[in-house]
Amino acid sequence: MNSHTQSDLTVVRWQRGVPVFGVPIVNKNFLFLASIAIAGSALVIYREVAGLGAATGLSDGFPWGIWKTFNVMTLTALGSGSFPIGIAAWIFRKRRLHAVMRVTLLISFLVYFTGLLAIAVDVSRPWNVYNLLSVYRWNTISPMWEVLWCMPLYCLFPLFLENTPPVLEQWWYFFPPGRGLVVWLVPIIRKTYPYVVALAYTLPILHQSALGALMLLTGNQVFPLWQTPMLPLLYVWAAAFIGVATTICSVLLCCLTWKRPIDQSIMDELVQLMSWLIFPWLALRLLDIAVRGRFTLMFTGGWLSVIFWLEMLSIFVPAFYLRRQKYRHHPYLLFRNCLLIVAGGMLYRFSPTTFAYRPWRVGIVAYYTPTVIEIIISLSFICTCICLFLIAVKRLPILPAPLQQWYESESYYRNFYPYIQMSGYGKDQHRPSYAD
Amino acid sequence: MNVTRRDLLKIGTLGGAGVAVGGAIGSSAQEEVPTPPRNAVGMLYDSTKCIGCKSCVVACADANGLQPDTRVDSLHQAPNDLNSFTKNIIKLYKPKYGDGATFAFVKRQCMHCVDPFCVAACPFHALEKDKVTGVVSWTPDKCIGCRYCQLACPYQIPKFDWDSFNAKIVKCEFCKERLAAGKEPACTYVCPPKAVIFGRRDLLLREAHRRIQEHPDKYFENRVYGEREAGGTQVLYLSAVNFDLLGLPHLSSTEHPSNWLRWEERVLKFFALPVGIYVGMVTFLKQNFREHEAEMDEEHKKTGLMPQL
């Protein structure tokens with residue numbers, strides 16, 4: 001049979017990560033993001049010198065601000081896509097999901113990296129972090145200890161190593177002196193890969209649940225709709241589906257921005273994975289509230305009830321609609337619904353730390369409104385993350401594409417970058433010797 | 001070892017069921033009540049005896065070398081709450097028209113809980129409970145300044161030095177230097193009407209119950225605040241007005257940190273579950289990775305492009 005039928009040409013299959021070529025890194029939007037990032041880092045210096053009181057809206061009544069509650073506890077959920085997708089791909093053998101692994105790993109790394117920066121700016125005695133290494137000072141029961149150990153370990157060890165293959169690949173093609181190193185490193189990476197990857201799935205389960213456990217110790221200061229002994233489980237579970245939804249959103253956005261073809265079968269599989277996670281989560285949350293006998297609070301809690309329904313509905317309604325093919329196969333509808341799920345999930349992760357956190361007090365009322373400085377620093381972490389993402393996808397083979405696009409990128413680099421011709425790119429069939 | 005997906009599901013379900021059953025058994029068993037050290041020190045504050053002279057506030061600042069807090073009123077030392085300059089404060093409850101209560105003073109400082117939230121929260125034991133006296137104190141070179149103790153404390157006690165780049169956690173440490181020198185804390189030492197007294201916690205508890213028995217209708221609910229609240233505290237309160245009005249929150253005896261964290265303790269016992277998950281995942285990954293690798297190399301032979309992991 002002739003394989004080049006009409007349907008074969010229209011169905012897109014992502015086969016390979018290909019850098020976004022022919023687009024300059026620095027443009028107007030990039031400069032805008034970078035300027036916020038730079039303004040933020042200047043303000044970080046002010047915060048370190050002047051102290052937290054001058055730079056933030058925090059007080060003794062409300063000791064945790066958006067750097068912790070938003071940049072760390074909420075945004076790291078967006079970077080958690082790599083563990084549900086990875087587990088589905090490697091353990092439940094959803095082989096096609098390997099195509100988006102590089103994107104989701106990159107997002108994870110950048111989000112966690114900027115999250116770590118946020119913690120470093122937020123803690124006011126960072127020079128004492130060396131205590132992580134003094135075993136006799138560990139308070140292993142503290143969820144904070146678990147977070148402080150797990151998050152840097154996850155980001156700087158398994159996640160970092162998982163992100164090295166695109167860089168090595170780039171070296172192989174564009175940096176001939178580095179080829180010896182690549183040939184030496186790749187077999188080692190392949191041997192150790194299963195051990196590292198398994199660690200990359202165990203650690204996020206641990207610290208994402210510990211982030212939920214952080215709020216457990218505040219006891220009944222958190223409104224009962226959110227405060228439950230199940231909070232760690234709900235937190236890690238929410239992180240899983242928020243991460244998948246974020247991956248869908250960012251891949252779609254990249255494809256639409258740089259006019260790349262979309263592989264619908266992989267999108268379907270991601271949506272399926274997401275709904276497998278979302279519906280049991282919703283059921284568990286309602287069941288937990290019912291078991292604790294707090295059912296009426298869903299309607300009598302004033303504006304906290306409104307937030308509760310906003311969370312539940314902005315997760316349930318899009319997930320429900322995405323069961324229909326019409327909604328999945330329309331890029332705009334898919335994007336919009338996944339964005340709603342991300343927003344609802346973020347609200348769920350954020351509420352118990354801020355809206356629903358009502359410290360018990362008499363007379364003196366502590367309100368928390370983030371200052372402009374605080375917001376700019378918080379935004380600067382996000383902008384740093386996006387800037388690094390833009391640089392990475394334009395220089396490294398990360399975003400998935402059909403094989404055809406790889407050959408196009410090859411001819412593009414051959415014609416527009418003469419120094420690459422000098423490096424021998426395209427002459428030796430790019431055949432790495434270690435694989436023979 | 002050849003493990004199929006069916007096996008994985010089986011193992012997962014069995015493990016999950018095991019954890020669930022274990023948890024159910026654990027939670028139905030008698031709740032553990034924390035016990036204070038045998039010689040735990042304590043304070044008993046009787047709000048009905050307090051005359052509001054604030055001698056204790058001055059004595060506390062003097063004994064702990066605290067700077068006078070003149071931020072509210074530049075003439076007087078008049079802090080409006082516990083803060084980074086104030087480890088001990090006297091507050092006044094003024095009755096509203098028609099709520100039936102009389103006015104009352106209340107002395108606020110660290111409660112030195114039997115099972116403290118701040119100690120459970122602190123990642124590096126910067127806040128520690130003394131094994132002999134039960135005093136909760138702060139060590140500067142273990143503290144990273146995460147302020148989790150402030151978030152966790154139900155009494156809103158640990159205060160933070162917001163205006164410094166080398167910030168400190170400030171809270172009552174029961175005048176531990178004076179205790180070590182064989183003296184009682186400064187506040188109990190100076191109190192003119194002996195509204196706050198120092199002693200062993202068990203003896204003070206007995207004294208409080210004696211006072212309640214002597215004057216059966218004098219004290220609110222004939223109750224000693226701190227006997228059972230959040231697993232008990234070493235600072236005890238007697239009052240004629242509702243404790244809620246004095247800013248002492250209503251906490252049940254089971255609301256202590258080891259109870260809130262019981263699930264984490266069970267799940268992370270000996271780190272068995274995480275290690276189990278890790279080992280299980282490695283087993284499956286190795287098998288699936290080999291297949292993936294073979295497929296990758298085949299692709300490489302076909303296209304001549306570098307295999308992408």
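**Helix packing, chain contact and unusual backbone angles**

G178(A) is partly exposed, with 15 other C-beta atoms within 10 Å; here a residue counts as buried if 20 or more other C-beta atoms lie within 10 Å of its own, exposed if 12 or fewer, and partly exposed in between, with C-beta atoms placed from the backbone. The model is predicted, so local features need pLDDT of at least 70 and side-chain atom pairs count only at pLDDT 80 or more, while totals for chains, interfaces and linings use all residues. Residues are numbered from 1 along each chain as its sequence is written, and chains are lettered from A and ligands numbered from 1 in the order in which they are written.

G178(A) sits in the loop between α10 and α11 of chain A; helices (H or I, at least four residues) and strands (E, at least two) are DSSP runs, numbered from the N terminus. Its C-alpha atom is 8.5 Å from that of L168(A), with the two residues 10 apart along the chain. Just before this loop comes helix α10 of chain A (residues 164-174), where P165(A), P166(A), E169(A) and Y173(A) are buried. These four cover an arc of only 100 degrees around the axis, which puts them on the same side of α10(A); the arc is that of the directions from the helix axis to the C-beta atoms. The buried residues of α10(A) pack against β1 (16-17), α7 and α11 (179-216) of chain A, two residues being in contact if their C-beta atoms, placed from the backbone, lie within 7 Å.

Helix α7 (residues 101-122) has another partner in α18 (residues 372-395), also of chain A: the two pack at an angle of about 150 degrees, with their axes 10 Å apart. Axes are lines fitted to C-alpha atoms, for helices over the stretch in contact, and angles run from 0 to 180 degrees between N-to-C directions. The pair is therefore roughly antiparallel (under 35 degrees is roughly parallel, over 145 roughly antiparallel, 65 to 115 roughly perpendicular and the rest oblique). On the α7(A) side, the residues involved include L106(A), L110(A), T114(A) and V121(A), and they face a set in α18(A) that includes I377(A), F381(A), C385(A) and F389(A). By class, this contact has 13 nonpolar, 2 polar and no charged residues; Ala, Val, Leu, Ile, Met, Phe, Trp, Tyr, Cys and Pro count as nonpolar, Asp, Glu, Lys and Arg as charged, and the others, Gly among them, as polar.

Chain B comes to 10 helices and 9 strands, and buried residues make up 40% of its 309 residues. Of the contacts in chain B between residues at least 6 apart in sequence, 62% join residues at least 24 apart. Where the two chains meet, 59 residues come from chain B and 68 from chain A. On the chain B side, α10(B) gives the largest share, 14 residues, and the side as a whole divides into 34 nonpolar, 12 polar and 13 charged residues.

Two residues of chain B have odd backbone angles. K54(B) has a positive phi of about 65 degrees without being a glycine; this residue is in the loop between β1 (41-46) and α2 (55-63) of chain B and, with 17 C-beta neighbours inside 10 Å, is partly exposed. C175(B), likewise not a glycine, has a positive phi of about 45 degrees. C175(B) lies in the loop between β7 (169-170) and α5 (176-180) of chain B, but is buried, with 24 C-beta neighbours inside 10 Å.
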